[in-house]
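Visitor: I would like a close look at one spot in this model, and then at what lies around it. Could you take me through it slowly?

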Amino acid sequence: MSLMRNFGSRDYDNAIIEEMLGEKQAEESIVPSNYSETENGERGGKGGDGEFEDHSVFSMKNILWHGGSVWDAWFSCSSNQVAQVLLTLPYSFSQLGMVSGIVLQIFYGLLGSWTAYLISVLYVEYRARKEKENVNFKNHVIQWFEVLDGLLGPYWKAIGLAFNCTFLLFGSVIQLIACASNIYYINDHLDKRTWTYIFGACCATTVFIPSFHNYRIWSFLGLGMTTYTAWYMAIAALIHGQVDGVQHSAPQKLVLYFTGATNILYTFGGHAVTVEIMHAMWKPQKFKYIYLLATLYVFTLTLPSSAAVYWAFGDELLNHSNAFSLLPKTRWRDAAVVLMLIHQFITFGFACTPLYFVWEKVIGMHDTKSICLRAVARLPVVIPIWFLAIIFPFFGPINSAVGALLVSFTVYIIPALAHMLTYRKASARQNAAEKPPGFLPSWTAMYVINAFVVVWVLVVGFGFGGWASMTNFVRQVDTFGLFAKCYQCKPAVPPPPKH
């Protein structure tokens, strides 16, 4: 509890008391009757029958398991936004250069916060419309493709489902690849492919976590782990100092420049699970600015660490996509590796849980209350993730490819277009559940920003970024081959000849 008070103190406790007891349920509700009902059928801390549950607000189960406050959402967004990509950002700096790396982090961070805001607005709009029709969301988790279906029709549902599921699939693949890449720097007796087999089995245990409502303690711990790792990287690089003959020649080639830029676009495109995180909140309409606040905190992790490591090692990073491979082996580095492994397990769960929901809905198991039955039903989702991680073990380059081809549409272009089309009519704008924000009180200005997001990401992110990242990705395949046993490993030293 002392750790949690450091972050929330009295405000955090008050939030739990208010929201779990439902004392202010009608304060900001769109449709007060059942707006705050969660996927478990709880309404502001009440059971499905409207009676208060008989349990202590501060029981251990609530502290560790039942999360739905504003702070829980902030921890989830912050923890999920920066994971293994923290280790590849110095590699991106070696492709971009120091100035471009810093500028693009800030630019894409703000761009991602804007589209996350749009997603939250569309969720509230969809939820308000459906609840006016007396639709009951008990034991049902709303997802992004359902929001698109309700607001824009089945074609948008198909597009959203295809992009979102494919992105989350490869997002889970990247976490597995990162696990194998990181543990290798502690124990190189096994190759990275063998470690992928092992961690695939470990990550499969996330099938037992029912929903984002139950990630409270994991999100809290995960953010602490990435915070330690980021500051370890920055401090270790500064203590190590610059290597002999260090060079900072980036940017040199357009292919490398746009590959690095697309990895940063991927970094701040982690809000494909925004709707699921909102649905787990007791008051989802309070989410609007949470992602921006999470991004501002993430800047304190990504900017110092990537800049310091690039300053110390320069162009050497072009052949080392994982920053751990250049930092000196110490107990501090081993601790950072272990913490990142645990955090990647958590992030795997974040990326995979929406896929679990989709699969449950397909096979008709989504409303099943038994955790064990749902866990067994979810297992087939893990198998293709495991297989793809073994085929494409290219830690670093795969981030850029996923960013250009999937993230650009999933969390940038589609939300901006969906917002523009949802409120294209004057009647829709007049009856909107969420009006334009106070800092931008004009629908016209919102349309201009949305149009800029669509054009920029389509041309720079998908166009140039797709060309560069796929060129680099194909180069990795040509160099190392599919099913590479140990990607970017040091060649084995032959034994001395016997006399």
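Visitor: What is the relative accessibility of asparagine 134, and does that residue count as buried or exposed?

Guide: Asparagine 134 counts as exposed, since its relative accessibility is 67% and the cut-off for exposed is over 50%. You will find asparagine 134 in the loop that joins α6 (98-132) to α7 (144-152). Its backbone is worth a look too: phi is positive, about 65 degrees, although asparagine 134 is not a glycine. For context, most residues other than glycine have a negative phi, and most peptide bonds are trans.

Before we go further, a word on confidence. This is a predicted model, with a mean pLDDT of 80 for the protein chain and 81% of its residues at 70 or more. The lowest confidence belongs to helix α1 (residues 2-7), with a mean of 40, and the highest to helix α13 (residues 290-313), with 94. Over residues 1-57 pLDDT stays under 50, and the model has 116 contacts beyond four places in sequence for this stretch. Where pLDDT is low, the predicted coordinates should not be read in detail.

Now follow the chain from the loop into α7. Here the picture turns inward: Trp144, Phe145, Glu146, Val147, Leu148 and Leu151 are buried. Glycine 153 comes after α7, and its phi is positive, near 110 degrees. Val147 also belongs to the largest nonpolar core, which has 140 residues; Val147 is among those with the most contacts inside that core, along with Phe287, Phe324, Ile385, Ile398, Val402 and Tyr412. In soluble globular proteins, nonpolar side chains tend to be buried together.

Another member of that core list, isoleucine 398, shows what such contacts look like. Beyond its neighbours within four places in sequence, isoleucine 398 is in contact with Phe170, Val173, Ile174, Ile177, Phe392 and Phe473. Ile174 and Val402 lead on to tyrosine 266, which touches both, as well as Gln84, Val85, Phe167, Asn399, Gly403 and Val407, residues up to four places away being left out. Tyrosine 266 sits in helix α11 and is buried, with a relative accessible area of 9%. It also brings distant parts of the chain together: tyrosine 266 and valine 411 are 145 residues apart in sequence, but their C-alpha atoms are 9.7 Å apart.

Tyrosine 266 takes us to an enclosed space. The structure holds 9 cavities of 30 Å³ or more, and the largest contains about 220 Å³ of space. It is lined by 17 residues, and Tyr266 is one of the closest to its centre, with Asn80, Phe167, Gln175 and Gly270. Two or more lining residues come from each of α4 (70-81), α8 (154-183), α11 (254-267) and α14 (331-363), and α8 has the largest share, with 4 residues. By class, this lining has 8 nonpolar and 9 polar residues and no charged ones.

The second largest cavity has about 90 Å³ of space. Its lining has 13 residues, of which Gly67, Asp72, Ala73, Ser76 and Phe212 are the closest to its centre. The elements giving two or more residues here are α4 and α10 (216-240), with α4 giving the most, 3 residues. This lining divides into 6 nonpolar, 5 polar and 2 charged residues.

Let us end along α11 and the loop before it. Between α10 and α11 lies proline 251, and the peptide bond from alanine 250 to proline 251 is cis, with omega near 0 degrees. From the other side comes tryptophan 467 of helix α18 (residues 443-480), which is in contact with Leu254, Val255, Phe258 and Phe462, neighbours within four places aside. Tryptophan 467 and phenylalanine 258 are 209 residues apart along the chain, with 8.4 Å between their C-alpha atoms. At 41% relative accessibility, tryptophan 467 counts as partly exposed.

For the whole chain, the secondary structure comes to 18 helices and 0 strands, and 59% of the 499 residues count as buried. Among contacts with a separation of 6 or more, 85% join residues 24 or more positions apart.

Notes: Residues are numbered from 1 along each chain as its sequence is written. Side-chain values use heavy atoms; hydrogens and water are left out. pLDDT is the predictor's confidence in each residue, from 0 to 100. Contact means heavy atoms within 4.5 Å. A nonpolar core is a set of buried Ala, Val, Leu, Ile, Met, Phe, Trp, Tyr and Cys residues joined through side-chain atoms within 4.5 Å. Buried means under 20% relative accessible area, exposed over 50%, partly exposed in between (1.4 Å probe, protein chains only). On a 1 Å grid over the protein atoms alone, a cavity is a set of points where a 1.4 Å probe fits but cannot get out, and a pocket is an open set with protein on both sides within 12 Å along at least five of seven lines; lining residues have an atom within 4 Å of a point. Grid points are joined across faces, edges and corners, and a volume is the space filled by probe spheres set on the points. Ala, Val, Leu, Ile, Met, Phe, Trp, Tyr, Cys and Pro count as nonpolar, Asp, Glu, Lys and Arg as charged, and the others, Gly among them, as polar.
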